[in-house]
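Me: I am new to this structure and would love a close look at a single part of it, the place where the ligand sits. Could you walk me through it and then show me what lies around it?

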Amino acid sequence: MDRQQLQQLVSKTIEAQPVTDLHTHCYTPGFGHAADGTGKGLLLWGIDELVTYHYLVAEVYRIVPASELPYDKFWAMSKTEQADHIWKHVFVERTPISEACRGVLTTLKKLGLDPNEKTLEPYRKWFAQQDADSYIDKVMQIANVDSITMTNEVFSDHERGIWESNPAVGDDPRFEAVLRIDKLLRDWPAAVKCLAELGYEVTEQFSQQTIDETRRFLNDWLDRMKAVYVAMSLPPEFRYPDPQNKSGNTFIEKVLMPTLAERGLPWAMMIGSRMQVNPALKDAGDMVGKSDILSVVNLCARFPDNKFMVTMLSRENQHELCVAARKFGNLMLFGCWWFLNNPSIIEEMTRERIELLGTSFAPQHSDARILDQLIYKWDHSRKIIANVLVDKYADLVDAGYNVTADHVQRDARLLLRDNFRNFCQPTPATASA
Ligand code: RAT
Ligand code: ZN
(Lines give C-alpha, C1' and ligand atoms only; values in the text may rest on other atoms or scores of the structure.)
(Ligands and ions follow the chains in the order given, each with its own letter.)
Protein backbone atom coordinates (compact mmCIF):
# COMPACT_ATOMS: atom_id res chain seq x y z
CA MET A 1 0.00 0.00 0.00
CA ASP A 2 1.50 3.39 -0.90
CA ARG A 3 1.20 6.47 1.26
CA GLN A 4 -1.72 7.93 -0.64
CA GLN A 5 -3.70 4.70 -0.36
CA LEU A 6 -2.87 4.52 3.31
CA GLN A 7 -3.99 8.10 3.81
CA GLN A 8 -7.34 7.39 2.16
CA LEU A 9 -7.93 4.15 3.98
CA VAL A 10 -7.04 5.54 7.42
CA SER A 11 -9.05 8.75 7.06
CA LYS A 12 -12.07 6.84 5.83
CA THR A 13 -11.84 4.29 8.62
CA ILE A 14 -11.32 6.82 11.40
CA GLU A 15 -14.19 8.96 10.09
CA ALA A 16 -16.49 5.95 9.90
CA GLN A 17 -15.66 4.56 13.36
CA PRO A 18 -18.33 5.56 15.90
CA VAL A 19 -16.79 7.14 18.99
CA THR A 20 -17.78 6.42 22.56
CA ASP A 21 -17.13 9.81 24.14
CA LEU A 22 -15.80 8.98 27.58
CA HIS A 23 -15.96 12.41 29.22
CA THR A 24 -18.39 15.24 28.48
CA HIS A 25 -20.56 17.67 30.39
CA CYS A 26 -23.64 16.94 28.24
CA TYR A 27 -26.82 15.55 29.76
CA THR A 28 -30.03 13.76 28.86
CA PRO A 29 -32.94 16.12 28.08
CA GLY A 30 -34.49 15.08 31.41
CA PHE A 31 -31.96 17.34 33.16
CA GLY A 32 -33.53 20.35 31.47
CA HIS A 33 -31.91 22.17 28.59
CA ALA A 34 -30.74 25.54 27.35
CA ALA A 35 -33.96 26.35 25.52
CA ASP A 36 -36.50 25.13 28.07
CA GLY A 37 -37.02 28.59 29.54
CA THR A 38 -36.01 27.68 33.11
CA GLY A 39 -32.46 29.02 32.81
CA LYS A 40 -31.37 26.01 34.88
CA GLY A 41 -31.19 23.28 32.26
CA LEU A 42 -27.99 21.23 32.34
CA LEU A 43 -28.00 20.25 28.67
CA LEU A 44 -26.49 23.26 26.92
CA TRP A 45 -26.76 23.71 23.16
CA GLY A 46 -27.18 26.43 20.53
CA ILE A 47 -25.28 29.44 19.29
CA ASP A 48 -25.41 31.56 22.46
CA GLU A 49 -24.01 28.69 24.53
CA LEU A 50 -21.35 27.91 21.92
CA VAL A 51 -20.13 31.50 21.79
CA THR A 52 -20.13 31.96 25.58
CA TYR A 53 -18.13 28.74 26.19
CA HIS A 54 -15.76 29.53 29.04
CA TYR A 55 -12.72 29.05 26.78
CA LEU A 56 -14.07 32.02 24.76
CA VAL A 57 -14.88 34.13 27.82
CA ALA A 58 -11.17 33.88 28.66
CA GLU A 59 -10.32 34.93 25.10
CA VAL A 60 -12.60 37.98 25.00
CA TYR A 61 -10.98 39.23 28.19
CA ARG A 62 -7.63 39.26 26.37
CA ILE A 63 -9.14 41.74 23.92
CA VAL A 64 -11.57 43.80 25.99
CA PRO A 65 -9.91 43.90 29.41
CA ALA A 66 -11.66 44.18 32.75
CA SER A 67 -10.66 47.86 32.90
CA GLU A 68 -13.08 48.42 29.99
CA LEU A 69 -15.72 45.85 30.90
CA PRO A 70 -15.65 44.97 34.61
CA TYR A 71 -16.28 41.28 35.24
CA ASP A 72 -19.44 41.87 37.28
CA LYS A 73 -20.91 43.89 34.40
CA PHE A 74 -20.18 41.05 31.98
CA TRP A 75 -21.80 38.47 34.26
CA ALA A 76 -24.83 40.73 34.77
CA MET A 77 -25.43 40.80 31.01
CA SER A 78 -27.95 38.38 29.51
CA LYS A 79 -26.60 35.31 27.72
CA THR A 80 -27.45 36.85 24.33
CA GLU A 81 -25.66 40.10 25.25
CA GLN A 82 -22.59 38.17 26.36
CA ALA A 83 -22.64 36.18 23.12
CA ASP A 84 -23.01 39.36 21.02
CA HIS A 85 -20.07 40.92 22.86
CA ILE A 86 -17.85 37.89 22.24
CA TRP A 87 -18.96 37.50 18.62
CA LYS A 88 -18.21 41.16 17.86
CA HIS A 89 -14.79 41.32 19.48
CA VAL A 90 -13.44 37.81 18.98
CA PHE A 91 -15.10 36.66 15.73
CA VAL A 92 -15.75 39.83 13.72
CA GLU A 93 -13.21 42.45 14.73
CA ARG A 94 -10.45 39.86 15.04
CA THR A 95 -9.73 36.75 13.00
CA PRO A 96 -11.24 33.77 14.86
CA ILE A 97 -8.06 31.76 14.63
CA SER A 98 -7.72 30.18 18.08
CA GLU A 99 -8.79 26.55 18.49
CA ALA A 100 -11.88 27.48 20.53
CA CYS A 101 -12.95 29.99 17.84
CA ARG A 102 -12.23 27.62 15.00
CA GLY A 103 -14.38 25.09 16.80
CA VAL A 104 -17.45 27.30 16.55
CA LEU A 105 -16.83 27.80 12.82
CA THR A 106 -16.41 24.07 12.16
CA THR A 107 -19.58 23.35 14.11
CA LEU A 108 -21.62 25.89 12.15
CA LYS A 109 -20.26 24.67 8.85
CA LYS A 110 -20.98 21.02 9.61
CA LEU A 111 -24.51 21.97 10.66
CA GLY A 112 -24.94 23.45 7.17
CA LEU A 113 -24.66 27.10 8.27
CA ASP A 114 -22.41 29.82 6.89
CA PRO A 115 -19.82 30.73 9.55
CA ASN A 116 -19.30 34.22 8.05
CA GLU A 117 -22.34 36.00 9.49
CA LYS A 118 -21.58 39.34 11.14
CA THR A 119 -24.32 38.96 13.73
CA LEU A 120 -25.71 35.97 15.58
CA GLU A 121 -29.34 36.54 14.55
CA PRO A 122 -29.41 34.16 11.56
CA TYR A 123 -27.95 31.41 13.73
CA ARG A 124 -30.42 32.13 16.53
CA LYS A 125 -33.30 31.71 14.08
CA TRP A 126 -31.93 28.36 12.91
CA PHE A 127 -31.32 27.00 16.40
CA ALA A 128 -34.78 28.14 17.58
CA GLN A 129 -36.27 25.67 15.11
CA GLN A 130 -34.49 22.69 16.62
CA ASP A 131 -36.07 20.40 19.16
CA ALA A 132 -33.66 19.38 21.94
CA ASP A 133 -34.36 15.67 21.77
CA SER A 134 -34.03 15.24 18.03
CA TYR A 135 -31.15 17.71 17.94
CA ILE A 136 -29.17 15.29 20.13
CA ASP A 137 -29.65 12.62 17.45
CA LYS A 138 -28.60 15.03 14.74
CA VAL A 139 -25.43 16.10 16.56
CA MET A 140 -24.51 12.51 17.42
CA GLN A 141 -25.01 11.52 13.82
CA ILE A 142 -22.86 14.37 12.44
CA ALA A 143 -20.15 13.79 15.07
CA ASN A 144 -20.51 10.00 14.67
CA VAL A 145 -20.65 9.52 18.43
CA ASP A 146 -22.44 6.39 19.61
CA SER A 147 -22.53 7.15 23.31
CA ILE A 148 -22.12 10.29 25.41
CA THR A 149 -20.67 9.91 28.90
CA MET A 150 -22.05 12.51 31.29
CA THR A 151 -20.39 14.09 34.35
CA ASN A 152 -22.89 13.74 37.16
CA GLU A 153 -22.06 16.03 40.06
CA VAL A 154 -23.46 14.40 43.16
CA PHE A 155 -22.42 17.44 45.24
CA SER A 156 -24.54 19.79 43.12
CA ASP A 157 -27.82 20.28 45.00
CA HIS A 158 -29.55 21.05 41.72
CA GLU A 159 -28.40 17.93 39.93
CA ARG A 160 -28.94 15.67 42.95
CA GLY A 161 -32.47 17.02 43.26
CA ILE A 162 -33.19 16.01 39.67
CA TRP A 163 -32.00 12.43 40.25
CA GLU A 164 -34.08 12.25 43.42
CA SER A 165 -37.28 13.54 41.89
CA ASN A 166 -36.88 11.65 38.63
CA PRO A 167 -34.94 8.40 39.15
CA ALA A 168 -35.24 7.55 35.45
CA VAL A 169 -33.57 10.78 34.34
CA GLY A 170 -30.41 8.95 33.29
CA ASP A 171 -32.26 6.27 31.33
CA ASP A 172 -31.54 7.42 27.82
CA PRO A 173 -29.69 4.85 25.69
CA ARG A 174 -27.60 7.63 24.15
CA PHE A 175 -26.00 8.54 27.50
CA GLU A 176 -24.03 6.92 30.32
CA ALA A 177 -23.63 8.37 33.80
CA VAL A 178 -20.46 9.03 35.80
CA LEU A 179 -20.38 9.67 39.53
CA ARG A 180 -18.33 12.85 40.02
CA ILE A 181 -17.12 13.32 43.58
CA ASP A 182 -14.34 15.95 43.73
CA LYS A 183 -15.36 17.22 47.15
CA LEU A 184 -14.59 13.95 48.92
CA LEU A 185 -10.86 14.50 48.32
CA ARG A 186 -10.68 18.23 47.70
CA ASP A 187 -12.71 19.30 50.72
CA TRP A 188 -13.47 16.47 53.16
CA PRO A 189 -15.08 18.70 55.87
CA ALA A 190 -17.53 20.14 53.32
CA ALA A 191 -18.25 16.64 51.98
CA VAL A 192 -18.94 15.40 55.52
CA LYS A 193 -21.39 18.25 56.07
CA CYS A 194 -23.21 17.40 52.88
CA LEU A 195 -23.35 13.66 53.61
CA ALA A 196 -24.64 14.34 57.13
CA GLU A 197 -27.41 16.54 55.70
CA LEU A 198 -28.34 13.68 53.41
CA GLY A 199 -28.75 11.40 56.42
CA TYR A 200 -25.44 9.51 56.41
CA GLU A 201 -23.88 9.06 59.87
CA VAL A 202 -20.46 10.57 59.20
CA THR A 203 -17.96 12.70 61.10
CA GLU A 204 -14.68 14.30 60.04
CA GLN A 205 -12.80 11.60 61.99
CA PHE A 206 -12.67 8.31 60.15
CA SER A 207 -14.44 5.98 62.56
CA GLN A 208 -15.55 2.62 61.22
CA GLN A 209 -19.05 4.08 61.06
CA THR A 210 -17.89 6.98 58.87
CA ILE A 211 -16.11 4.50 56.59
CA ASP A 212 -19.21 2.32 56.31
CA GLU A 213 -21.53 5.25 55.80
CA THR A 214 -19.36 6.92 53.16
CA ARG A 215 -19.23 3.60 51.33
CA ARG A 216 -23.01 3.38 51.60
CA PHE A 217 -23.28 6.88 50.10
CA LEU A 218 -21.06 5.89 47.15
CA ASN A 219 -22.91 2.63 46.59
CA ASP A 220 -26.31 4.35 46.76
CA TRP A 221 -25.30 6.84 44.10
CA LEU A 222 -23.46 4.34 41.92
CA ASP A 223 -26.66 2.29 41.92
CA ARG A 224 -28.95 5.24 41.35
CA MET A 225 -26.90 6.62 38.47
CA LYS A 226 -25.80 3.23 37.11
CA ALA A 227 -22.47 4.98 36.78
CA VAL A 228 -19.80 3.49 34.53
CA TYR A 229 -16.94 4.99 36.57
CA VAL A 230 -16.21 7.44 39.37
CA ALA A 231 -14.42 10.68 38.49
CA MET A 232 -12.49 13.44 40.18
CA SER A 233 -10.57 16.47 39.05
CA LEU A 234 -7.56 16.87 41.31
CA PRO A 235 -5.04 19.66 41.92
CA PRO A 236 -1.37 19.56 40.87
CA GLU A 237 -0.58 19.06 44.57
CA PHE A 238 -2.43 15.74 44.67
CA ARG A 239 -0.23 13.12 46.33
CA TYR A 240 -0.71 9.53 47.31
CA PRO A 241 0.14 8.82 50.01
CA ASP A 242 -0.14 12.39 51.21
CA PRO A 243 1.56 13.19 54.50
CA GLN A 244 -0.47 16.42 54.68
CA ASN A 245 -3.85 14.82 54.08
CA LYS A 246 -4.46 11.86 56.37
CA SER A 247 -8.21 11.92 55.80
CA GLY A 248 -7.57 11.83 52.04
CA ASN A 249 -5.37 8.73 52.40
CA THR A 250 -7.97 7.03 54.57
CA PHE A 251 -10.76 7.94 52.18
CA ILE A 252 -8.83 6.38 49.29
CA GLU A 253 -7.72 3.27 51.20
CA LYS A 254 -10.78 2.45 53.26
CA VAL A 255 -13.63 3.88 51.23
CA LEU A 256 -12.97 4.45 47.55
CA MET A 257 -10.67 1.57 46.63
CA PRO A 258 -12.67 -1.22 48.30
CA THR A 259 -15.99 0.13 46.98
CA LEU A 260 -14.70 0.30 43.42
CA ALA A 261 -12.79 -3.00 43.59
CA GLU A 262 -15.94 -4.73 44.74
CA ARG A 263 -17.86 -3.33 41.78
CA GLY A 264 -15.00 -3.63 39.27
CA LEU A 265 -15.34 0.03 38.25
CA PRO A 266 -12.51 2.46 37.44
CA TRP A 267 -11.53 5.63 39.24
CA ALA A 268 -10.94 8.37 36.66
CA MET A 269 -8.45 10.92 37.90
CA MET A 270 -8.01 14.17 36.02
CA ILE A 271 -4.98 15.70 37.65
CA GLY A 272 -3.44 19.14 37.34
CA SER A 273 -6.25 21.69 37.52
CA ARG A 274 -5.36 24.67 39.66
CA MET A 275 -8.74 26.13 40.45
CA GLN A 276 -9.74 29.77 40.33
CA VAL A 277 -6.48 31.65 39.85
CA ASN A 278 -8.79 34.38 38.58
CA PRO A 279 -12.15 33.76 40.28
CA ALA A 280 -13.76 36.74 38.51
CA LEU A 281 -13.63 34.70 35.31
CA LYS A 282 -15.72 31.93 36.94
CA ASP A 283 -15.39 28.69 34.91
CA ALA A 284 -12.73 30.39 32.78
CA GLY A 285 -10.61 31.20 35.83
CA ASP A 286 -8.83 27.85 36.31
CA MET A 287 -5.30 27.03 35.23
CA VAL A 288 -2.82 24.22 34.92
CA GLY A 289 0.01 22.96 37.13
CA LYS A 290 2.46 20.09 36.89
CA SER A 291 1.45 16.97 38.80
CA ASP A 292 3.07 13.99 40.47
CA ILE A 293 3.13 10.79 38.46
CA LEU A 294 4.69 8.76 41.26
CA SER A 295 1.42 9.14 43.17
CA VAL A 296 -0.41 7.44 40.31
CA VAL A 297 2.26 4.72 40.27
CA ASN A 298 1.83 4.24 44.02
CA LEU A 299 -1.92 3.81 43.60
CA CYS A 300 -1.60 1.35 40.71
CA ALA A 301 0.96 -0.72 42.64
CA ARG A 302 -0.79 -0.68 45.97
CA PHE A 303 -4.27 -1.43 44.59
CA PRO A 304 -3.79 -4.07 41.89
CA ASP A 305 -7.49 -4.98 42.05
CA ASN A 306 -8.49 -1.44 41.16
CA LYS A 307 -8.59 0.24 37.78
CA PHE A 308 -7.37 3.78 37.17
CA MET A 309 -8.21 6.01 34.24
CA VAL A 310 -5.84 8.96 34.23
CA THR A 311 -5.40 12.15 32.28
CA MET A 312 -3.08 14.97 33.28
CA LEU A 313 -3.44 18.60 32.35
CA SER A 314 0.21 19.55 32.06
CA ARG A 315 2.02 18.91 28.81
CA GLU A 316 5.22 18.33 30.78
CA ASN A 317 3.68 15.33 32.56
CA GLN A 318 2.76 13.34 29.48
CA HIS A 319 5.94 11.39 28.78
CA GLU A 320 6.45 10.21 32.34
CA LEU A 321 2.76 9.28 32.52
CA CYS A 322 3.11 7.09 29.40
CA VAL A 323 6.05 5.32 31.01
CA ALA A 324 3.97 4.73 34.14
CA ALA A 325 1.24 3.16 31.99
CA ARG A 326 3.81 0.71 30.56
CA LYS A 327 4.26 -0.64 34.08
CA PHE A 328 0.65 -1.18 35.06
CA GLY A 329 -2.13 -2.93 33.19
CA ASN A 330 -4.63 -1.34 35.57
CA LEU A 331 -3.81 2.15 34.30
CA MET A 332 -5.64 3.48 31.24
CA LEU A 333 -4.54 6.83 29.89
CA PHE A 334 -7.20 8.93 28.25
CA GLY A 335 -7.80 12.15 26.39
CA CYS A 336 -6.01 15.41 25.77
CA TRP A 337 -7.61 17.39 28.51
CA TRP A 338 -8.78 21.02 28.34
CA PHE A 339 -5.71 23.21 27.61
CA LEU A 340 -4.12 20.22 25.85
CA ASN A 341 -7.04 19.89 23.48
CA ASN A 342 -5.23 21.85 20.77
CA PRO A 343 -4.05 20.37 17.47
CA SER A 344 -0.30 20.73 18.04
CA ILE A 345 -0.49 19.07 21.44
CA ILE A 346 -3.03 16.38 20.48
CA GLU A 347 -0.68 15.39 17.70
CA GLU A 348 2.37 15.28 19.93
CA MET A 349 0.60 13.35 22.69
CA THR A 350 -0.97 10.85 20.31
CA ARG A 351 2.40 10.10 18.70
CA GLU A 352 4.07 9.74 22.06
CA ARG A 353 1.35 7.45 23.38
CA ILE A 354 1.33 5.22 20.29
CA GLU A 355 5.12 4.95 20.39
CA LEU A 356 5.07 3.91 24.05
CA LEU A 357 1.73 2.14 24.40
CA GLY A 358 0.75 0.89 20.95
CA THR A 359 -3.03 1.00 20.72
CA SER A 360 -3.70 0.42 24.43
CA PHE A 361 -5.05 3.85 25.43
CA ALA A 362 -8.03 6.13 24.75
CA PRO A 363 -6.61 9.00 22.71
CA GLN A 364 -9.35 11.52 23.19
CA HIS A 365 -12.53 12.64 24.91
CA SER A 366 -14.45 15.74 23.90
CA ASP A 367 -15.09 17.43 27.27
CA ALA A 368 -18.00 19.04 25.41
CA ARG A 369 -19.90 21.34 27.75
CA ILE A 370 -22.21 22.29 24.96
CA LEU A 371 -23.76 19.48 22.94
CA ASP A 372 -22.94 20.97 19.54
CA GLN A 373 -19.23 20.97 20.45
CA LEU A 374 -19.20 17.22 19.91
CA ILE A 375 -19.15 18.10 16.23
CA TYR A 376 -15.95 20.10 16.16
CA LYS A 377 -14.07 18.40 18.94
CA TRP A 378 -14.36 15.06 17.16
CA ASP A 379 -13.90 16.46 13.67
CA HIS A 380 -10.63 18.12 14.65
CA SER A 381 -9.32 15.22 16.73
CA ARG A 382 -10.21 12.49 14.26
CA LYS A 383 -8.14 14.22 11.56
CA ILE A 384 -5.12 14.43 13.82
CA ILE A 385 -5.41 10.85 15.05
CA ALA A 386 -5.72 9.68 11.44
CA ASN A 387 -2.62 11.63 10.36
CA VAL A 388 -0.54 10.21 13.17
CA LEU A 389 -1.71 6.69 12.33
CA VAL A 390 -0.80 7.17 8.67
CA ASP A 391 2.79 7.95 9.66
CA LYS A 392 2.92 4.99 12.01
CA TYR A 393 1.50 2.56 9.43
CA ALA A 394 3.88 3.96 6.82
CA ASP A 395 6.76 3.10 9.15
CA LEU A 396 5.43 -0.47 9.40
CA VAL A 397 5.17 -0.70 5.62
CA ASP A 398 8.79 0.48 5.42
CA ALA A 399 9.66 -2.34 7.79
CA GLY A 400 8.11 -4.81 5.35
CA TYR A 401 4.87 -5.38 7.29
CA ASN A 402 1.61 -5.81 5.37
CA VAL A 403 -0.83 -3.28 6.79
CA THR A 404 -4.39 -4.21 5.80
CA ALA A 405 -7.81 -2.59 6.07
CA ASP A 406 -8.58 -5.07 8.87
CA HIS A 407 -5.65 -3.80 10.92
CA VAL A 408 -6.77 -0.22 10.51
CA GLN A 409 -10.36 -1.11 11.36
CA ARG A 410 -9.33 -3.03 14.47
CA ASP A 411 -7.12 -0.20 15.71
CA ALA A 412 -9.80 2.44 15.06
CA ARG A 413 -12.32 0.42 17.06
CA LEU A 414 -9.95 0.01 20.00
CA LEU A 415 -8.80 3.61 20.08
CA LEU A 416 -12.13 5.33 19.62
CA ARG A 417 -14.44 2.97 21.44
CA ASP A 418 -13.43 -0.42 22.84
CA ASN A 419 -10.40 0.37 24.99
CA PHE A 420 -12.61 2.56 27.12
CA ARG A 421 -15.64 0.27 27.01
CA ASN A 422 -13.65 -2.81 27.89
CA PHE A 423 -11.84 -1.04 30.72
CA CYS A 424 -15.16 -0.03 32.28
CA GLN A 425 -16.57 -3.56 32.20
CA PRO A 426 -17.31 -4.33 35.84
CA THR A 427 -14.47 -6.80 36.37
CA PRO A 428 -11.50 -6.52 38.72
CA ALA A 429 -8.12 -5.49 37.38
CA THR A 430 -4.83 -7.13 38.08
CA ALA A 431 -1.86 -4.83 37.74
CA SER A 432 1.11 -6.33 35.96
CA ALA A 433 4.38 -4.91 37.14
O1 RAT B 1 -12.62 21.46 30.09
C2 RAT B 1 -13.42 22.05 30.80
O3 RAT B 1 -14.46 22.53 30.36
C4 RAT B 1 -13.12 22.22 32.26
O5 RAT B 1 -13.79 23.32 32.71
C6 RAT B 1 -13.59 21.14 33.17
O7 RAT B 1 -14.89 20.77 32.82
C8 RAT B 1 -12.89 19.88 33.29
O9 RAT B 1 -12.89 19.19 32.09
C10 RAT B 1 -13.53 19.06 34.37
O11 RAT B 1 -14.25 18.09 34.06
O12 RAT B 1 -13.32 19.40 35.53
ZN1 ZN C 1 -14.55 18.02 31.99
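Me: To begin, which residue has a polar side-chain atom that lies 2.9 Å from an oxygen atom of ligand 1, apart from any histidine?

Reply: Happy to help! Please keep in mind that this is a predicted model. The residue you are after is Trp337, which has a polar side-chain atom 2.9 Å from an oxygen atom of ligand 1. Two histidines also offer polar atoms to the ligand. In His54, a polar side-chain atom lies 2.9 Å from an oxygen atom of ligand 1, and for His23 the distance between an N or O atom of the side chain and a ligand oxygen is 3.2 Å. The protein covers 94% of the 300 Å² of accessible area that ligand 1 has on its own.

Let us now widen the view to the whole shell. The residues around ligand 1 are His23, His25, His54, Tyr55, Arg180, Ser233, Met270, Trp337, Trp338, Asp367 and Arg369. By class, this shell divides into 4 nonpolar, 4 polar and 3 charged residues.

Where does all this take place? Ligand 1 sits in the largest pocket, which holds about 1,600 Å³ of space. There are 48 residues in the lining of this pocket, and those closest to its centre are Leu44, Glu49, His54, Asp283 and Arg369. You have already met His54 and Arg369, since both belong to the residues around ligand 1. Several helices take part as well: α2 (47-51), α3 (54-63), α5 (79-92), α7 (121-128), α9 (157-165) and α10 (182-186) are the elements that give two or more residues to the lining of the largest pocket. Sorted by class, that lining has 18 nonpolar, 14 polar and 16 charged residues.

The second largest pocket is worth a visit too, with about 270 Å³ of space. It is lined by 19 residues, and Tyr55, Glu59, Ala100, Trp338 and Phe339 lie nearest its centre. Two of these names, Tyr55 and Trp338, also appear among the residues around ligand 1. At least two lining residues of the second largest pocket come from each of α3, α6 (99-110) and α17 (373-398). Helix α3 thus links to the earlier part of our tour, as an element that gives two or more residues to the lining of the largest pocket. The classes in the lining of the second largest pocket are 8 nonpolar, 6 polar and 5 charged.

Besides the pockets, a search of the whole structure finds 1 cavity of 30 Å³ or more. About 60 Å³ of space lies in this cavity. Its lining consists of 13 residues, with Thr20, Ala362, Gln364, Leu415 and Leu416 nearest the centre. The elements that give two or more residues here are β1 (19-21) and α18 (405-424), and α18 gives the most, with 6 residues. This lining has 9 nonpolar, 3 polar and 1 charged residues.

Finally, here are a few details of the backbone to look for. Most residues other than glycine have a negative phi, and most peptide bonds are trans. Against that background, the peptide bond from Tyr240 to Pro241 is cis, with omega near -10°. You can find Pro241 in the loop between β6 (230-234) and α13 (246-263). Asn144 has a positive phi, near 55°, and its place is in the loop between α8 (132-143) and β2 (145-149). Lys226 also has a positive phi, near 50°, and this residue lies in the loop between α12 (208-225) and β6.

Notes
Residues numbered from 1 in each chain as written. Chains lettered and ligands numbered in written order. Predicted model: local features only at pLDDT ≥ 70, side-chain atom pairs only at ≥ 80, totals over all residues. Heavy atoms only, no water. Helix = DSSP H or I, 4+ residues; strand = E, 2+ residues; numbered from the N terminus. Near = heavy atom within 4 Å. Polar contact = N/O pair within 3.5 Å; in protein donor to acceptor, adjacent residues only side chain to side chain. Areas by Shrake-Rupley, 256 points an atom, 1.4 Å probe, with all protein chains shown as cover. 1 Å grid on protein atoms, 1.4 Å probe; cavity = no way out; pocket = protein on both sides within 12 Å on 5 of 7 lines; lining within 4 Å. Sits in = over half its atoms within 2 Å of the grid points. Nonpolar A, V, L, I, M, F, W, Y, C, P; charged D, E, K, R; others polar. Points joined across faces, edges and corners; volume = space filled by probe spheres on them.
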